[in-house]
Amino acid sequence: MPQPAQTSQQQRVAQPARQAPPRPQQQPPPLLRLLALLLAITLPTACTSAAVIKETPEYVRPCARSDPELSACIGRAIDHLRPFIVKGIPELAVPTIEPLVIPRLSMENGNGAVRVRAAFHNVTIVGASNYTVSAVKADMTTYRIDVGLRLPSIETTGRYDVSGNILLFPVRSRGEFWAGFYDIAAVVRVFGKEVATDGEKFMRIDKLLVDFNLSKGRFRVKDFLNTGNVLGEAMNQFLNQNANEIIKEMKPAAAQSISRHFKEYLNVALLRVPIRIWLRDQ
């Protein structure tokens, strides 16, 4: 007997379902693969270098909150740091301060006889380790510390880019510089606060102010923009004849720039050393 014809529905069921060809697995763009590789390599190193100090290291001279001479103790602790920061403290990411190298400093002064915008690059400072702590006033209930420092001299070199007006004369100069500053008295005012991370308490600097005075300064520049003309040849003589006036006018901008740099510098270290390590309750 002839077989009954299959319905269209039966035909559709009987036919195997067509499978879409497998889609090729998408690979991340080459740039993303490179970034992933760099992160895989560098993250373990970064985590290791940022480890929190667990035990009192040799460069820390602890003080006690209950010490009636707490300010004097903190002064001795700052002096105790000197030989260690001369060499640098890698575990705190603290570079050597002899010489102290600052990749960039920028400052701007828009008032007075010296109105300039200046950027300094690869600033190398020699003599910063010769400091003497002249006075300390500390209130560790509020983490307010004032430190007086004296330095016989420091010398700085680097590259500069300056534009503006000095004593009504327009100035545009770029090149290399040397400067010497002598008999320096500085006051550093630290405004800190206590912060907690992973069960440990740290001091973080919220604000840092620097003020300074010096007996004299000397300058020497090699101007790349004005070589061979009157301005370029007269620049060194002009700077040194008017050094006191220039320093006085630029001091607020310079102090602000220095404060900003050292706030970052100190916070990197302080946020790796718990308060219990350097300031004990007993």
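The link between Cys63 and Cys73 is left-handed, with -100° about the S-S bond, and the sulfur atoms of these two residues lie 2.1 Å apart in what is a predicted model. The pair links distant parts of the chain, since Cys63 belongs to strand β1 (residues 63-64) while Cys73 belongs to helix α3 (residues 70-80), 10 residues apart. A disulfide is a covalent bond between the sulfur atoms of two cysteines. A search of the whole structure finds 1 disulfide, and both of its partners, Cys63 and Cys73, are buried.

Arg61 offers a second view of this part of the chain, for it lies in the loop between α2 (30-49) and β1. Arg61 has a relative accessible area of 40%, and it therefore counts as partly exposed. Leaving aside residues up to four places away in sequence, Arg61 touches Arg76, Ala77 and His80. Arg61 can also be set beside a residue from another part of the sequence: Ile277 is 216 residues away along the chain, yet the C-alpha atoms of Arg61 and Ile277 are 9.0 Å apart in space.

Further along the chain come the strands β5, β6 and β7, which can be followed one after another. Strand β5 (residues 144-166) contains Thr156, and this strand pairs with β6 (residues 169-197) in the antiparallel sense over 22 bridges. Within that arrangement, Gly158 stands opposite Phe177 in β6. Strand β6 in turn pairs with β7 (residues 200-223), again in the antiparallel sense and over 22 bridges, and here Phe181 stands opposite Gly217 in β7. The connection from β6 to β7 is a hairpin with 2 residues between the strands, and Asp198 in the turn has a positive phi of about 50°.

Is Thr156 in this region buried or exposed? Thr156 is buried, because its relative accessible area is 8%, which falls under the 20% that marks the limit for a buried residue. Apart from residues up to four places away in sequence, Thr156 touches Thr124, Ile125, Phe177, Trp178, Ala179 and Phe181. Two of the residues on that list, Phe177 and Phe181, have already appeared in the strand pairings, where Phe177 stands opposite Gly158 and Phe181 opposite Gly217.

Seen as a whole, the protein has 7 helices and 8 strands, and buried residues make up 37% of its 282 residues. Among the contacts between residues at least 6 apart in sequence, 66% join residues that are at least 24 apart. The protein exposes about 18000 Å², of which carbon and sulfur atoms supply 58%.

A careful reading also takes account of the confidence of the prediction, which is given for each residue as a pLDDT value. The protein averages a pLDDT of 79, and 77% of the residues score at least 70. Over residues 7-15 the pLDDT is below 50, and this stretch has 1 contact in the model beyond near neighbours in sequence. Over residues 27-49 the pLDDT is likewise below 50, and that stretch has 5 contacts in the model beyond near neighbours in sequence.

Methods
Residues numbered from 1 in each chain as written. Predicted model: local features only at pLDDT ≥ 70, side-chain atom pairs only at ≥ 80, totals over all residues. Heavy atoms only, no water. pLDDT = per-residue confidence, 0-100. Contact = heavy atoms within 4.5 Å. Helix = DSSP H or I, 4+ residues; strand = E, 2+ residues; numbered from the N terminus. Buried < 20%, exposed > 50% of the residue type's maximum accessible area, 1.4 Å probe, protein only. Areas by Shrake-Rupley, 256 points an atom, 1.4 Å probe, with all protein chains shown as cover. Pairing = 2+ DSSP bridges. Disulfide = S-S within 2.5 Å.
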